[in-house]
Amino acid sequence: MKSIMITFDQAHYENIVATLDRLDCNGFTYLEQVMGQGTNGGEPHFGSHAWPSMNSAIITIVEDVQVDEVLAELKAIDNDRPQLGLRAFVWNIEKGI
């Protein structure tokens with residue numbers, strides 16, 4: 001199994017959740033407000049007066065065979081509105097309860 005951590009501008013939330021649902025990634029943890037700054041020239045998302053936008057994050061656990069399809073769909077969302085920012089990272093899941 002793999003964990004996919006998706007960080008994104010809050011404007012992407014509905015598209016990401018709909019994508020995960022369509023791909024049968026039923027369980028996830030949603031972190032509504034996270035702060036950060038992208039490495040590819042993205043503007044900071046700090047929730048401050050100067051940088052008012054915020055990021056969110058979703059962590060989902062999927063079967064290994066789902067990873068490539070999920071990442072491809074997320075990449076399409078990012079490509080559609082690249083100025084907002086969306087990143088996804090995959091980790092191995094060793095154990096769980």
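## Exercises on a predicted model

Ser56 lies in strand β3, which spans residues 55-62. The model is predicted, and the exercises below work from this residue outwards.

**Exercise 1. Place Ser56 in its surroundings.**
Is Ser56 buried or exposed? Which backbone oxygen does its side chain reach?

*Solution.*
Step 1: take the accessibility. Ser56 has 0% relative accessibility. Buried means under 20%, so Ser56 counts as buried.
Step 2: look for a polar partner. The Ser56 side chain comes to 2.5 Å from the backbone oxygen of Glu32.
Step 3: list the contacts, leaving out neighbours within four places in sequence. Ser56 touches Ile6, Thr7, Phe8 and Gln10. It also touches Tyr30, Leu31, Glu32, Gln33 and Val34. Glu32 thus appears both as the polar partner and in the contact list.

**Exercise 2. Do the same for Leu71.**
Where is Leu71 found? What is its distance in space from Ile4?

*Solution.*
Step 1: find the element. Leu71 belongs to helix α2, residues 67-80.
Step 2: classify the exposure. The relative accessibility of Leu71 is 28%. The partly exposed class runs between 20% and 50%, so Leu71 counts as partly exposed.
Step 3: compare sequence and space. Leu71 and Ile4 are separated by 67 residues in sequence. Their C-alpha atoms are 8.7 Å apart.
Step 4: collect the contacts. Beyond four places in sequence, Leu71 meets Ile4, Ala88 and Val90.

**Exercise 3. Describe the fold as a whole.**
How many helices and strands are there? In what order do they run?

*Solution.*
Step 1: count the elements. The protein has 2 helices and 4 strands.
Step 2: read them from the N terminus. The order is β-α-β-β-α-β.
Step 3: weigh the contacts with a separation of 6 or more. Of these, 71% join residues 24 or more positions apart.

**Exercise 4. Test the overall dimensions and surface.**
What radius of gyration does the protein have, and what would a compact globule have?

*Solution.*
Step 1: compare the radii. A compact globule of 97 residues would be near 13 Å; the protein has 14 Å, so the two agree.
Step 2: add the box. Along the principal axes, the C-alpha atoms fill roughly 40 × 30 × 20 Å.
Step 3: take the burial. Of the 97 residues, 32% count as buried.
Step 4: split the surface. About 6,300 Å² is exposed, and carbon and sulfur atoms supply 51% of that area.
Step 5: place the charges. There are 6 positive and 14 negative charges, and their mean positions lie 5 Å apart.

Definitions and conventions: Residues numbered from 1 in each chain as written. Predicted model: local features only at pLDDT ≥ 70, side-chain atom pairs only at ≥ 80, totals over all residues. Heavy atoms only, no water. Rg over C-alpha atoms; globule rule 2.2 N^0.38 Å. Buried < 20%, exposed > 50% of the residue type's maximum accessible area, 1.4 Å probe, protein only. Contact = heavy atoms within 4.5 Å. Areas by Shrake-Rupley, 256 points an atom, 1.4 Å probe, with all protein chains shown as cover. Lys, Arg positive; Asp, Glu negative; His and termini not counted. Charge placed at Lys NZ, Arg CZ, Asp CG, Glu CD. Polar contact = N/O pair within 3.5 Å; in protein donor to acceptor, adjacent residues only side chain to side chain.
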